[in-house]
Structures are given as C-alpha cells and as structure tokens.
Amino acid sequence: MEVRISRDILLNGVHKVQGIVEPKGAMPILSHLHLSADKDSICIRATDLEIGTLGYYLANVSSPGAVTLNARKIFDIIRELPDEEIYLKKEENNWITLKCGKSKFRLPGLPPEDFPPLPEYSDKPLLEFDCKILKEMIRKTFFSVSPDETRQALNGLLLEVEGDNASLVGTDGHRLAVISRPVKSNASKGEVLSFLLPKKALSELLKLMEDESATVGFSSQDNHLAFICGKQVIVSRKIDGKFPNYRQVIPSDNQLKAKSERDSLTHALKRVALLADEKSKMVRFEIQKGNLSLISDNTDLGAANEEMPIEYDGEEVSIGLNAKYVLDILNVIEGDSVTLNLKDQNHSCLFTVGDDDQYKSIVMPMRL
C-alpha cells in the first residue's frame, strides 16, 4: 500500500473514530484502526464489536492495500504534523512508514486480515432525517439517558416513528425528555416503528453530522442499526429490552403554570445549588403569585435562598427538585422563557417551552 493524502483530511478521519476504539480491550487489534486504500480514496474503519464505523476520504493511491495502526498513536502524530501532504507506505511485516514535510516515522501494525469485519447493514434508508433536526432531537433528550449499565433498556434513546413523525425519548427513571419532529419515512403506510438506539452510537453520530444541511439515513437489518451520513457509516448492535411506557408518565392535569425567564432561572439555580446536598442536589421551589423562591439547606455547607419574579397567578405551591436535572433542561432549550407545569409537591414537574409543544421534559419530585 502506498498513499498520499492531505494532513487535514486524514486528521479528520482518524479523529472521528477515536471514541469507538477500545484502548485497553482484551483484543489488541481493537485499539487499532483499519486503513484500506483503493482507487482514489482510503477507508478508515474502527470497531469495539458493539459499534463500528467506516468513512471514505479522498486520497492519491499509488498502490492499493490495507494496514492497521494504533488509533491513539497515529492521531497524536498527525495532530502535531505540519499542514503538508502525508505519505504512507506499507513495508514488510506490517510496518508502516509515514512521512510529512521533514518528519518521518516507522510504525508497527497488526495483520489487517485479523481486523473484525463490520456487521452487514442495509444501505437502503428506512428513515431520512435532516441533520439539523436529528442533532436537535438528540441534544434535547440525550441528557436523560440512564448511566446505569445494568438497566439496558434505559441505556439509550427510544426512537418511535408513525407516518412522517419521529419521536425520541430518554429516561433514567427520575426524569424524562421527549421530542417529536418530522422525518421522511420509507416504511409501509400505517406501520409504527420502534427502535432502541444505544447512547454510544448516538454520541458518535453527533460527530459525523458536521454539515447541518445534509441528510442522515437510518436503516435496520437483523440485530443491527445503521446511520449513513454521506460517505460515513455507523453500525451498532440493537439494544435488547423493553422501554417503559413513557406516555403514562407525561402529566396531563398539571394546571398550575409558572413562567420564568430561562436565563435568570439558570443563573439563580446554579447559585442556590452550590449549597444543595451533594448527593440529592435538591433545591426547594416555592412558587407564589409573581414570585419564585429557590432554597437549599445543608447542615454541613450552610443555606442559600434566592427570589426572582415569575409570571404566576395560581395558588401557592412548593416542590423539591434535583437542581442538576432542571439545569440539564434549561441548558438545552432555546427561547427566552420556560414554563413549569405543576400539580402539587407529590407529582412530577413538566417543563415546556411556549412556542414548541413537541418538546416536553419531566422531573420527578423529591420529598421535602
């Protein structure tokens, strides 16, 4: 194999696979990336056996072939190289020579034929998303995915599609976020689709969606899902398990509505949360006509209290909420204001944004 390629193009391709590579796995080859050259492009592949990715990049190929290189080491090297063309050549016993400007490296590789193949995937998209829309959907729900690896069904986002409407839902049992947006569906008319998308695949997908005007294709075959974005593909194993019935969690009778300026609430809550209990992160929201009091009380750290004006004309209500969960919501929503929809201190708080009834976020109450 003998290839010349732009330093920036190769750096971009190698950077995109770093999150998938297993640096210290049981199989040494999983810490490597697979680089194959043919015609006028190179293909960069990486996998951890649960998720795999490949991307094609323009290159000047003198002689086709394949090599494997330690993903972290090659990334660190390319990142420090000058902005000149990179020359790669495969030598005997899977050694690779890399030259760029006045720099020259000899790097050991592993046999490329030992690299695990990418699972078979369908290149016929079942769904087609606008990049900009899909990025927004992931960003506004991803924070609510459970970090608990033992609860597999909650370790990703639920994708539900009916007609030309797609919903993404995330929950960890203490909070929930759901967003609905348009999608182009190639499914049979009347068919309702449901998939559990692993969080690692979604975080890698966000790296691929650089061009917001592009389209992302989504397909499903056997036990694998694929996201196709231009000349980039991510293939992931499906999550097993049953996602909870999220619709019954969304409150429909929270009649008390307190509207607050988003930016003011964010900063006030950050300040009060500094003295909240380290474990529970609880802040008490005391809502009265035209006024919101945020209160934290910690026997070790002290207490904090902050008042701010809000639009509210209902009865007095108090509720304990995890400050981090509320801040996660405030950090992803757009718009100048947010509405807290409440019933009482024992029922969940529903957060909505005035001009977007297709996005809802829920936080369960804490005992006061």
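With a relative accessibility of 29%, Pro125 counts as partly exposed, because the value falls between the 20% limit for buried residues and the 50% limit for exposed ones. This assignment, like those that follow, refers to a predicted model. Pro125 is located in the loop that runs between strand 9 (103-108) and strand 10 (127-130). Its C-alpha atom is separated by 5.1 Å from that of Phe218, although the two residues are 93 positions apart along the chain. When neighbours within four places in sequence are left aside, the contacts of Pro125 are with Asn186, Gly217, Phe218 and Ser219. Phe218 therefore appears both in the C-alpha pair with Pro125 and among the residues in contact with Pro125, contact being defined by heavy atoms within 4.5 Å.

The empty space of the model was examined next. Rolling a probe the size of a water molecule over the atoms shows where such space is left. The largest pocket has a volume of about 400 Å³. Its lining comprises 15 residues, and those nearest the centre of the pocket are Glu50, Gln152, Pro198, Arg237 and Ile239. Two or more lining residues are supplied by each of helix 4 (199-208) and strand 18 (232-237). By class, 8 residues of the pocket lining are charged, 4 are polar and 3 are nonpolar.

Enclosed space was also found, with 2 cavities of 30 Å³ or more. The largest cavity holds about 60 Å³ of space. It is lined by 13 residues, of which Lys16, Val17, Thr53, Leu208 and Gln232 lie nearest its centre. The elements contributing two or more residues to this lining are helix 1 (7-16), strand 4 (51-58), helix 4 and strand 18. Of these, strand 4 gives the most, with 4 residues. Helix 4 and strand 18 thus contribute two or more residues to the lining of the largest cavity as well as to that of the largest pocket. The lining of the largest cavity contains 7 nonpolar, 4 polar and 2 charged residues.

The second largest cavity has a volume of about 40 Å³. Its lining is formed by Phe129, Leu134, Ile138, Leu159, Leu168, Leu197, Leu202 and Phe227. In terms of class, this lining has 8 nonpolar residues, with no polar and no charged ones, because Leu, Ile and Phe count as nonpolar. By contrast, charged residues number 2 in the lining of the largest cavity and 8 in that of the largest pocket.

Note on methods:
Residues numbered from 1 in each chain as written. Predicted model: local features only at pLDDT ≥ 70, side-chain atom pairs only at ≥ 80, totals over all residues. Heavy atoms only, no water. Buried < 20%, exposed > 50% of the residue type's maximum accessible area, 1.4 Å probe, protein only. 1 Å grid on protein atoms, 1.4 Å probe; cavity = no way out; pocket = protein on both sides within 12 Å on 5 of 7 lines; lining within 4 Å. Points joined across faces, edges and corners; volume = space filled by probe spheres on them.
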